[in-house]
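Me: I'd like to go through this model with you and ask how each label is earned. Could you set the values against the definitions as we go?

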Amino acid sequence: MVSVVQNVAIDCADAYELARFWSRVTGCPLHAEDGPGARETQVLLAEGPVLYFNQVPEAKTVKNRIHLCLRPDTSRDQEVGRLLELGATFVADHRNADGSGWAILADPEGNEFCVLRSESDRAAMSS
């Protein structure tokens with residue numbers, strides 16, 4: 001017997017607005033029944049578990065113990081720029097001169113996530 005991961009739950013102050021941000025990040029739709037003011041909202045990823053946003057009264061206070069890591073289909077640096085334009089903030093730079101590493105950003109409610117190298121970035125390093 002095994003368990004299947006149904007969703008990744010993210011507590012937040014505004015479920016609908018944070019889900020809209022992540023919908024733009026991933027290019028995946030919100031659940032059809034979700035709308036402004038919804039206390040629970042889902043982003044329906046093409047593969048894997050659903051991103052589930054649950055509105056809670058308390059604010060985020062410390063560093064995430066679990067976070068999402070994104071592998072863009074463009075270069076890592078282009079994706080960091082795009083995400084900043086969508087409303088993310090830059091937290092820390094762990095990119096190395098040789099092209100390895102990652103960038104840490106935060107979504108509009110302060111939840112940290114990483115942007116990894118793209119497959120094309122990785123291929124360019126090995127050639």
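Me: What volume does the second largest pocket have?

Reply: Happily: about 260 Å³. A volume here is the space filled by probe spheres set on grid points, which are joined across faces, edges and corners. Before we go on, this is a predicted model, where local features need pLDDT of at least 70 and side-chain atom pairs count only at pLDDT 80 or more, while totals for chains, interfaces and linings use all residues. Residues are numbered from 1 along each chain as its sequence is written, and side-chain values use heavy atoms, with hydrogens and water left out.

Me: What makes a residue part of the lining of a pocket?

Reply: A pocket is an open set of points on a 1 Å grid over the protein atoms alone, where a 1.4 Å probe fits, with protein on both sides within 12 Å along at least five of seven lines; lining residues have an atom within 4 Å of a point. For the second largest pocket, the lining includes Val-25, Cys-69, Arg-71 and Glu-79. Two or more residues each come from α1 (15–26), β4 (68–70) and α2 (76–86); such helices (H or I, at least four residues) and strands (E, at least two) are DSSP runs, numbered from the N terminus.

Me: Which residues lie nearest the centre of the largest pocket?

Reply: Those are Ala-9, Ile-10, Asn-64, Ile-66 and Asn-111, out of 19 lining residues. This pocket holds about 380 Å³ of space, and β1 gives the largest share of its lining, four residues.

Me: How do you know that Cys-12 forms no disulfide with Cys-28?

Reply: A disulfide is a pair of cysteine sulfur atoms within 2.5 Å. The sulfur of Cys-28 is the closest to that of Cys-12, yet it is 18 Å away, so the two are too far apart for a bond. Cys-114 is in no disulfide either, as the nearest cysteine sulfur, in Cys-69, is 4.3 Å away. By this rule the count is zero disulfides.

Me: Why is Cys-12 called buried?

Reply: Buried means under 20% relative accessible area, exposed over 50%, and partly exposed in between (1.4 Å probe, protein chains only). Cys-12 has 2%, so it is buried. Cys-114, at 7%, is therefore buried too.

Me: Why are β1 and β2 called edge strands?

Reply: Two strands pair if DSSP finds at least two bridges between them. The open sheet has three strands in the order β1-β3-β2, with mixed pairing; β1 and β2 (40–43) each pair on one side only. β2 and β3 (residues 50–55) are antiparallel over four bridges, with Val-43 opposite Leu-51 in β3.
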